[in-house]
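Visitor: I would be grateful for a close look at a single part of this model, namely one place where two helices pack, together with its setting in the chain.

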Amino acid sequence: MKRFSWVLTAPITLAILLLAVNNRQDVTLEIWPFGLQFDYPLYLIILISVGLGILAGAVIAWLSSAATRRRAKAAEWKVLDLQRDLSFERAELKKLQEKEQSNSLVP
């Protein structure tokens, strides 16, 4: 598994390094409605944009799976409830069997 991690991590790291080295020129980033201007290296703007995109995708995926998590939790509670009922019924059956055995022993 560690080798697979390196096989995946090494090319990504190399791509990020090449991106940073080849895109060092400053770019003016203007935030339109507020009239703010910032000068940043292009690679930094690209990496921040990619990071924000990944973060937004993760949040959307987490929110869209809320219904599934809710159903799974309800199913888990139902299973626990049924297990409790089953153990109660087994205890009752055992009591009835013991009572039946004691009645059959007494003439």
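Guide: The account below begins with the basis of the values, proceeds to the helix contact, and then turns to the chain around it.

The model is predicted, so local features require pLDDT of at least 70 and side-chain atom pairs count only at pLDDT 80 or more, whereas totals for chains, interfaces and linings use all residues. Residues are numbered from 1 along each chain as its sequence is written, and side-chain values use heavy atoms, with hydrogens and water left out.

Helix α1 covers residues 2-22 and helix α2 covers residues 42-64; helices (H or I, at least four residues) and strands (E, at least two) are DSSP runs numbered from the N terminus. The two helices pack with their axes 7 Å apart, at an angle of about 140 degrees. Axes here are lines fitted to C-alpha atoms, for helices over the stretch in contact, and angles run from 0 to 180 degrees between N-to-C directions. α1 and α2 are therefore oblique to each other, since angles under 35 degrees count as roughly parallel, over 145 as roughly antiparallel, 65 to 115 as roughly perpendicular and the rest as oblique.

On the α1 side, the contact (heavy atoms within 4.5 Å) involves Ile-16, Leu-19 and Ala-20, which meet Tyr-43, Ile-46 and Leu-47 of α2. The residues of this contact comprise six nonpolar, no polar and no charged; Ala, Val, Leu, Ile, Met, Phe, Trp, Tyr, Cys and Pro count as nonpolar, Asp, Glu, Lys and Arg as charged, and the others, Gly among them, as polar.

Two further residues of these helices may be considered. Trp-6 lies in α1 and, at 61% relative accessibility, counts as exposed; buried means under 20% relative accessible area, exposed over 50%, and partly exposed in between (1.4 Å probe, protein chains only). Ser-49 belongs to α2 and is partly exposed, with a relative accessible area of 44%. Between the C-alpha atoms of Ser-49 and Glu-89, 40 residues apart in sequence, the distance is 59 Å.

As to the setting, the chain has three helices and two strands, in the order α-β-β-α-α. Its C-alpha atoms fill a box of roughly 100 × 45 × 15 Å along the principal axes. Buried residues make up 3% of the 107 residues in the chain.
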